[in-house]
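Grab a coffee and open your viewer. Below are a few short exercises on backbone oddities and charged pairs, each with a worked solution.

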Amino acid sequence: MNRRPSRALLALAGIAQIAWLACGPAQEPPPPSAIRLLPADSVASIGPETRLALILKPPKLSQRSFDVTLPEAARLSVGFGIPNTSLAAGSAGASFRVSLDDGTGSPQQVFERHVDPSDPGQRRWFDAEADLSAFSSRRVSLTFEVTPDPGKPPLGVFGDPVVSDATAVDPRPNVVVISLDTLRARSVSGYGYARETSPFFDSLAAQGALFEEAITTSVTTGPSHMSLFTGLYPVNHGLATGLEHKAKSVHTMAQVLRAAGYQTAAFTEDGYIVRDRGFGDGFSEYTENTAIMHHGPGDARKTFGQAEHWLSTPARARQPFYLFVHTYEVHSPYRPPRKYQGLFEGDGNPGPEDPVLLRQRDNYDREIRYVDDKLRELVGTLDERGLREHTLLLILADHGEEFQEHGHYQHGGAVFDEALRIPLLFAGPGIPPGHHAEQVSLIDVMPTILDY
């Protein structure tokens with residue numbers, strides 16, 4: 001990978017000390033507790049969600065088999081469904097089957113489901129699990145098969161089939177990265193802002209490491225997020241404006257973690273965080289809420305809700321995972337929900353002289369408070385599922401926002417602190433609480449996580 005030495009490794013930012021205190025010297029990773037049957041190449045989309053997929057096209061290719069030695073307490077997790085390309089073409093339905101042959105007799109059916117795309121409720125990914133423990137430690141052949149109904153045969157896809165040991169304990173931590181687009185540090189109460197915009201964030205900051213001088217690599221969404229994903233400056237990863245594609249030689253954190261046996265998933269609000277530009281590389285599941293494109297209002301309720309559902313499935317407890325969540329909620333247009341519209345009214349907090357711009361700033365602050373409440377619910381799901389104590393949690397932004405402090409509005413051009421300085425919080429097992437005054441950057445995040 002084309003990467004300059006990381007600050008985490010050089011201990012220039014103080015973050016490395018956190019990783020060292022948490023984990024001690026680097027150790028060999030444990031053997032994987034999960035066997036992934038697919039390489040990270042073919043993908044299929046159903047609705048807004050794209051997954052790594054085994055794609056079958058009857059009648060030419062209706063089944064595929066994999067030979068695998070099953071682990072102890074073996075369990076199969078797999079998605080399935082009919083992708084968007086077939087839905088648009090008016091294809092028929094299909095039955096999805098998985099069978100197992102251990103060489104001792106007739107193949108045994110593991111599961112069978114039918115999908116009818118004429119029903120709008122079935123135009124989605126389905127998930128299934130099957131207990132294979134009766135065949136643990138045996139060499140078997142797993143066959144994935146699609147049988148179409150009469151009519152135009154559809155594509156059939158199985159999403160990233162994984163065989164895991166249901167009793168294995170992998171000590172490596174989960175990683176959850178939450179990106180609050182356009183959130184400037186100076187409007188977060190944990191960074192000294194007069195308004196209580198972020199009480200839950202502040203409570204997390206009291207438990208973890210808050211970086212007071214974190215800066216972005218770009219004041220636009222695409223390049224800065226790709227720096228987060230790769231640990232590289234835009235000139236190195238290839239996205240200068242956000243409309244380009246990531247350089248092929250560059251690997252993302254999701255690719256590295258998936259190769260190390262992590263479950264990987266992302267829930268985003270699209271815009272410039274587009275899977276096809278390289279942001280989806282390494283994610284087994286990548287959901288883009290595309291209705292929010294072109295700077296429409298964000299929807300943290302929907303996007304965080306999708307992440308909460310993903311965290312609540314049983315597979316999350318079996319292997320470590322990397323989850324990335326992104327919302328445009330505090331990006332313009334600033335439209336706080338009705339419940340928050342009177343918040344901070346008349347509190348005397350100074351702002352722009354222009355009354356229209358002042359109202360915009362106030363609504364921006366109200367949206368921050370709303371997102372903070374949604375953040376509380378998302379982190380609460382980690383607590384409810386018993387995952388929090390094994391999870392490294394990062395909360396950050398891609399860039400900030402300007403309200404005429406230096407004669408500019410919003411972001412994308414000027415590089416004053418209003419746009420450059422972002423919140424950055426690490427919280428998790430082994431991380432000592434405290435504030436860190438060293439200047440750090442988004443390029444420090446990936447190497448620090450990998451060290452941890």
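Let's start with a pair to look up: R361 and D365 are both buried. Keep in mind that this is a predicted model.

**Exercise 1. Work out how R361 and D365 are related in sequence and in contact.**

Solution.
- Step 1: find the element. R361 and D365 sit in helix α9, which covers residues 355-384.
- Step 2: check the spacing. The two are four residues apart, so about one helical turn separates them.
- Step 3: check the contact. The closest N and O atoms of R361 and D365 are 3.6 Å apart, and a salt bridge needs that distance to be within 4 Å. The pair therefore qualifies as a salt bridge.
- Step 4: widen the view. R361 and D365 belong to a network of salt bridges that also links R195, D347 and D362.

**Exercise 2. Which parts of the chain does the salt bridge between E129 and R318 tie together?**

Solution.
- Step 1: get the distance. The closest N and O atoms of E129 and R318 are 2.7 Å apart.
- Step 2: place the partners. E129 is in strand β8, while R318 is in the loop between α8 (300-311) and β15 (321-327), so the bridge ties together parts 189 residues apart in sequence.
- Step 3: compare burial. E129 has a relative accessible area of 29%, making it partly exposed; R318, at 10%, counts as buried.
- Step 4: put it in context. The structure holds 21 salt bridges.

**Exercise 3. Are R172 and D170 buried or exposed?**

Solution.
- Step 1: recall the cut-off. Buried means under 20% relative accessible area.
- Step 2: read off the values. R172 comes in at 15% and D170 at 14%, so both are buried.
- Step 3: look at the contact. Their side chains meet in a salt bridge, at 2.9 Å from N to O.

**Exercise 4. Locate S137 and D160, two non-glycine residues with positive phi, and describe their surroundings.**

Solution.
- Step 1: take the angles. Phi is near 70° for S137 and near 40° for D160.
- Step 2: place them. S137 is in the loop between β8 (126-131) and β9 (139-148), whereas D160 is in strand β10, residues 156-165.
- Step 3: add accessibility. S137 is partly exposed at 44%, but D160 is buried at 10%.

**Exercise 5. Where is P59, and what kind of peptide bond joins P58 and P59?**

Solution.
- Step 1: find the residue. P59 is in the loop between β3 (49-56) and β4 (63-69).
- Step 2: check omega. For the bond joining P58 and P59, omega is about 0°, and the peptide bond is cis.

Methods: Residues are numbered from 1 along each chain as its sequence is written. This is a predicted model: local features need pLDDT of at least 70, side-chain atom pairs count only at pLDDT 80 or more; totals for chains, interfaces and linings use all residues. Side-chain values use heavy atoms; hydrogens and water are left out. Buried means under 20% relative accessible area, exposed over 50%, partly exposed in between (1.4 Å probe, protein chains only).
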